[in-house]
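The following note is offered to a colleague who is meeting this structure for the first time. Please read it with the sequence and the model at hand.

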Amino acid sequence: MVKAVRASCRTFQLFEITKAVLEKNERFVVVIQRKTETAPIPAAAPTPAPAGEAPAQPAEPPKPAKAAPLFMAVPDHLPFDTEEAAIQHVLKQHLGSFFDVQEVEVDPPKGNFPIINKCGVTGELLGPPNYHRYQQILQHHHATQLGRMPFERFRDGIVSVREPEVVQQWLDKMKKATRYTWKNVAAKPAPASNPPMPAPEAAAPAPAPEAPAPEAPAVPAEAAAVSAEAPAAAPAAPAAETGPSFDSLDEARAHLLQNARERVVRAVETVRFHGKLIEKLPPGEIKRAIEGHVERQRRFPLDTANALRGRLRREGFTIFKKGSRGVSYVCAVKRRFRVPGQVFSDSITTLIDFIEKNPMVSVKELPLKFLGIDLAAALAAAPLPEGTPASQAPFAALPADQSERLRRMNNDLRWLVTEGYVTEFSDSKLFAPPAVTAQTRKGDEPGEEHDPVDFPEAPPAAAPEPAPPAPTASEPAQAAEASPAGDPAPESTTTPASMAAEPAPAPADPTASPETPA
């Protein structure tokens, strides 16, 4: 987005850019932390000090209580209210990062199981109450399938079944078990005590007394180097040992928290995560707070606009306010203002005078209103050769003299916009401020911080004005960079060729940009 705004040289409202950023979650990051609130303490009536003693010092104001920490799931940096919720999220979404999970065939449970309990909500078979892992299966099913339902309600809805077919179905199900094999953390290889020496380069063969020996070919030399290195090669590293395996998720969880807890959950005060992960947050207070804040910012993005303001300034953009409401505008071009007596080439002077007298004229209207050329009629009347680019279609449909005038106007307009003398808005409207005197200027740019005079409104559609007299064919074509005509100008007068835009400062580190608060 920054590259597109900089390349277009157009002027955008700051809220336009902000709303474009907030339009999609993947375009921003979220920073969340708990609020710290201090309970008000009622003021006590002052007690007079005894005679001869100094008056008592007023009590210090209460310090804000330290907010409770948030718990961050380390793999994806999502915030949670409790540590258990963060652990459950990691086990559900990122278990494959710590264990190799596979289905294996095992022997079914042995014993007498006359009753099989099944979930009254999902209908899944849970197992007989006299099975030694029944409580473990119950808790795992509730945590993974019905986490939002109270456990007592889930337990009261369990249905008991006595049919032999259901018992056999559960036994068949228990023949397949999920095995969790621990992935050993890849340790950094220890530095070799005797690092292998680089292969020696093939030396030039010594000349024989009669004649120099032919140079050794490259392949034999490399083969000799390899064979020379072979005896000194280090023995192959042993294969990585297989980690312990577990047949239950609870055992795998206990091993994970005991050996890699720091890679699962962390207690923090502030959490920063990508906006596209908002949808992965479980329903709860945190998700409601973030979605509510994002929705409020999309309606009126004041906080986000203030955060973007500093980022855009560090990227080298010019930001100024205009109008009684203080609307902020952003542009990659630094605005420049003409002074009385400043001289440009004839074509540039004619164009900027026309834009000044016709504020908020559209770029698409310039060919008709400024040059008197109806592009729509020309494109409809003249068939274009096949394969003509869209950017060259207007020039191909016009006669040579009109095509040259149109090309010159486009070059002049581009020069005026890139130099800052003409403002082109995001909707292609054009505005040229009138020339200002040195007394009304504040520094280099009057009203850079806040100009109370707003941009004029776009005029209503009206009949096209008569086109200005076109230059004759005998006049030499003047490019945007041509020197001004006439006598030497006074000291404040410059030529377009000498008016180079100031270089923008180097972009700041994007990682230090402000984020959207929540």
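The numbered points below deal with the overall make-up, the nonpolar cores and the internal cavity.

1. The model under review is predicted. Its secondary structure consists of 15 helices and 19 strands.

2. The protein has 518 residues, and 33% of them are buried. Its accessible surface is about 32800 Å², with carbon and sulfur atoms accounting for 56% of that area.

3. Contacts across the sequence deserve attention. Among the contacts with a separation of 6 or more, 75% join residues that lie 24 or more positions apart.

4. The largest nonpolar core contains 38 residues. Within this core, the residues that touch the most other members are Phe99, Leu256, Val264, Phe273 and Ile290. Helix α8, which spans residues 249-260, is the greatest contributor, supplying five residues to this core.

5. A second core of 27 residues is separate from the largest one. Its members include Leu366, Ile373, Phe395 and Val417.

6. How many cavities of 30 Å³ or more does the model contain? The count is one. The volume of the largest cavity is about 70 Å³.

7. The lining of the largest cavity comprises Cys9, Thr11, Phe320, Cys331, Val333, Lys334, Arg335, Val417, Gly420, Val422, Thr423 and Glu424. By residue class, this lining has six nonpolar, three polar and three charged members. Val417 thus appears in two places in this note: it belongs to the second core, and it also lines the largest cavity.

Methods:
Residues are numbered from 1 along each chain as its sequence is written. This is a predicted model: local features need pLDDT of at least 70, side-chain atom pairs count only at pLDDT 80 or more; totals for chains, interfaces and linings use all residues. Side-chain values use heavy atoms; hydrogens and water are left out. On a 1 Å grid over the protein atoms alone, a cavity is a set of points where a 1.4 Å probe fits but cannot get out, and a pocket is an open set with protein on both sides within 12 Å along at least five of seven lines; lining residues have an atom within 4 Å of a point. Grid points are joined across faces, edges and corners, and a volume is the space filled by probe spheres set on the points. Ala, Val, Leu, Ile, Met, Phe, Trp, Tyr, Cys and Pro count as nonpolar, Asp, Glu, Lys and Arg as charged, and the others, Gly among them, as polar. Helices (H or I, at least four residues) and strands (E, at least two) are DSSP runs, numbered from the N terminus. Buried means under 20% relative accessible area, exposed over 50%, partly exposed in between (1.4 Å probe, protein chains only). Contact means heavy atoms within 4.5 Å. Accessible areas come from the Shrake-Rupley method with a 1.4 Å probe; for residues, only the protein chains shown count as cover. A nonpolar core is a set of buried Ala, Val, Leu, Ile, Met, Phe, Trp, Tyr and Cys residues joined through side-chain atoms within 4.5 Å.
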